[in-house]
Amino acid sequence: MENRFRLIEDHEYKLRNEIGQLVDYKAELSKQIFKEPELYDFYFNDFFRCYQNEFINDLNKIGQLLHQEEVRFFTPLYYYESEKKFFRTHLIQKDVPYAVFNIDITGEEYDEILLHKFRKGKDIGFTAFDYLYWYFNPDCFIYGDKTSEISILAIKKSLSLKNPLKNWRKVELFAANPGEEWGPWLKNEAKFLAELIANYHNN
């Protein structure tokens, strides 16, 4: 890419609708968010690891396996901007653009994408949102949920890739050791973990 990354306004909601065909934006973990889970294998990781520079190694490996050079980085959420009109302040809903970047970017470039501010002087960037997607295509993408501190790699079974990333685990292994390595709060959430296993077990 000539530029480090591109921000694209999804005016016609093409990407939002494409991902929305695959997931339920209103569903929350530990519920099943994928509309056709039987088509995918799922692998889990700590959400905040997807903020680390090492995460681009995962994106690079997935891109090589899929023969794709770019990934789209998206949130279905929005933010508000205040606007003064006739001495009154109104809150205007603003959609978030999505980023497109090469899988071989540097760690510094990845940090710039994560922390990019959509408006001057305001702390509104991708890290401000609770739900994120690293989207290659309908066959393979990552859903990140900051609230539960969980990220899920979904791979279409028909690709026969199995688990291409050693540091991503099946839900049973993830749930068996949710201590300091994953999310300390999960240790005492037996019901949440049981539902997670039931909903994301790879058949």
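Where is the place of Ser160? In this predicted model, Ser160 lies in the loop between E9 and helix H4 (171–176). The phi of Ser160 is near 60°, a positive value in a residue other than glycine. Ser160 is classed as exposed because its relative accessible area is 57%. Lys162 is also placed in the loop between E9 and H4, and its phi, near 55°, is likewise positive in a residue other than glycine. With a relative accessible area of 56%, Lys162 counts as exposed. Most residues other than glycine have a negative phi, and most peptide bonds are trans. A departure in the peptide bond itself is found between Leu29 and Ser30, where the bond is cis with omega near 15°. Ser30 belongs to the loop between helix H1 (14–20) and strand E2 (40–46).

The nonpolar interior was examined next. In soluble globular proteins, nonpolar side chains tend to be buried together. The largest nonpolar core in the model has 34 residues, and those with the most contacts inside it are Phe73, Phe101, Trp134 and Leu153. At least two residues of this core come from each of H2, strand E3 (70–74), strand E6 (98–102), H3, strand E7 (131–137), E8 and E9. The element that gives the most is H2, with five residues. A second, separate core comprises 30 residues, among them Ile19, Phe74, Phe141 and Ile150.

Trp134 illustrates the setting of the largest core. This residue is found in strand E7 and is buried, its relative accessible area being 0%. Neighbours within four places in sequence aside, Trp134 is in contact with Phe47, Cys50, Phe55, Leu59, Val71, Arg72, Phe73, Tyr110, Phe141, Ile142, Gly144 and Ser151. With one of these residues, Tyr110, the side chain of Trp134 makes a polar contact through the side chain of the partner, at 3.2 Å. By contrast, Trp134 and Phe192, 58 residues apart in sequence, are separated by 24 Å from C-alpha to C-alpha.

Aromatic pairing was then considered, and the whole structure contains 23 aromatic pairs. One of them joins Phe47 and Phe48 in an edge-to-face arrangement, with 5.1 Å from centre to centre and 85° between the planes. The two partners differ in exposure: Phe47 counts as buried because its relative accessibility is 0%, whereas Phe48, at 33%, counts as partly exposed. Another pair is formed by Phe55 and Tyr110, whose ring centres are 6.2 Å apart and whose planes meet at 45°, so the pair is tilted. This pair links distant parts of the chain, since Phe55 is in helix H2 (residues 55–66) and Tyr110 is in helix H3 (residues 107–115), 55 residues apart. Phe55 and Tyr110 are both buried.

Charged side chains were also surveyed, and six salt bridges were counted. One of these connects Glu12 with Lys14, the closest N and O atoms being 3.6 Å apart; both Glu12 and Lys14 are exposed. A further salt bridge joins the side chains of Lys31 and Glu195 at 3.9 Å, N to O. Here distant parts of the chain are linked, with Lys31 in the loop between H1 and E2 and Glu195 in helix H5 (residues 190–200), 164 residues apart. Lys31 is partly exposed, with a relative accessible area of 47%, and Glu195 is partly exposed at 24%.

The side chains of Asp41 and Lys157 form a salt bridge at 2.7 Å, N to O. This bridge too links distant parts of the chain: Asp41 is in strand E2 and Lys157 in the loop between E9 and H4, 116 residues apart. Asp41 is buried because its relative accessible area of 9% falls under 20%, whereas Lys157, at 28%, is partly exposed.

Lys146 presents another situation. It is located in the loop between strand E8 (140–145) and strand E9 (150–156). Although buried, Lys146 has no salt bridge, and the nearest side chain of opposite charge, Asp130, is 4.3 Å away. The absence follows because a salt bridge requires a separation within 4 Å. The side chain of Lys146 instead reaches the backbone oxygen of Thr127 at 2.5 Å. Beyond its neighbours within four places in sequence, Lys146 is in contact with Phe47, Phe48, Tyr51, Thr127, Ala128, Phe129 and Asp130.

Technical notes. Residues numbered from 1 in each chain as written. Predicted model: local features only at pLDDT ≥ 70, side-chain atom pairs only at ≥ 80, totals over all residues. Heavy atoms only, no water. Helix = DSSP H or I, 4+ residues; strand = E, 2+ residues; numbered from the N terminus. Buried < 20%, exposed > 50% of the residue type's maximum accessible area, 1.4 Å probe, protein only. Lys, Arg positive; Asp, Glu negative; His and termini not counted. Polar contact = N/O pair within 3.5 Å; in protein donor to acceptor, adjacent residues only side chain to side chain. Contact = heavy atoms within 4.5 Å. Phe/Tyr/Trp six-rings, centres within 6.5 Å; stacked < 30°, edge-to-face > 60°. Core = buried A, V, L, I, M, F, W, Y, C linked by side-chain atoms within 4.5 Å.
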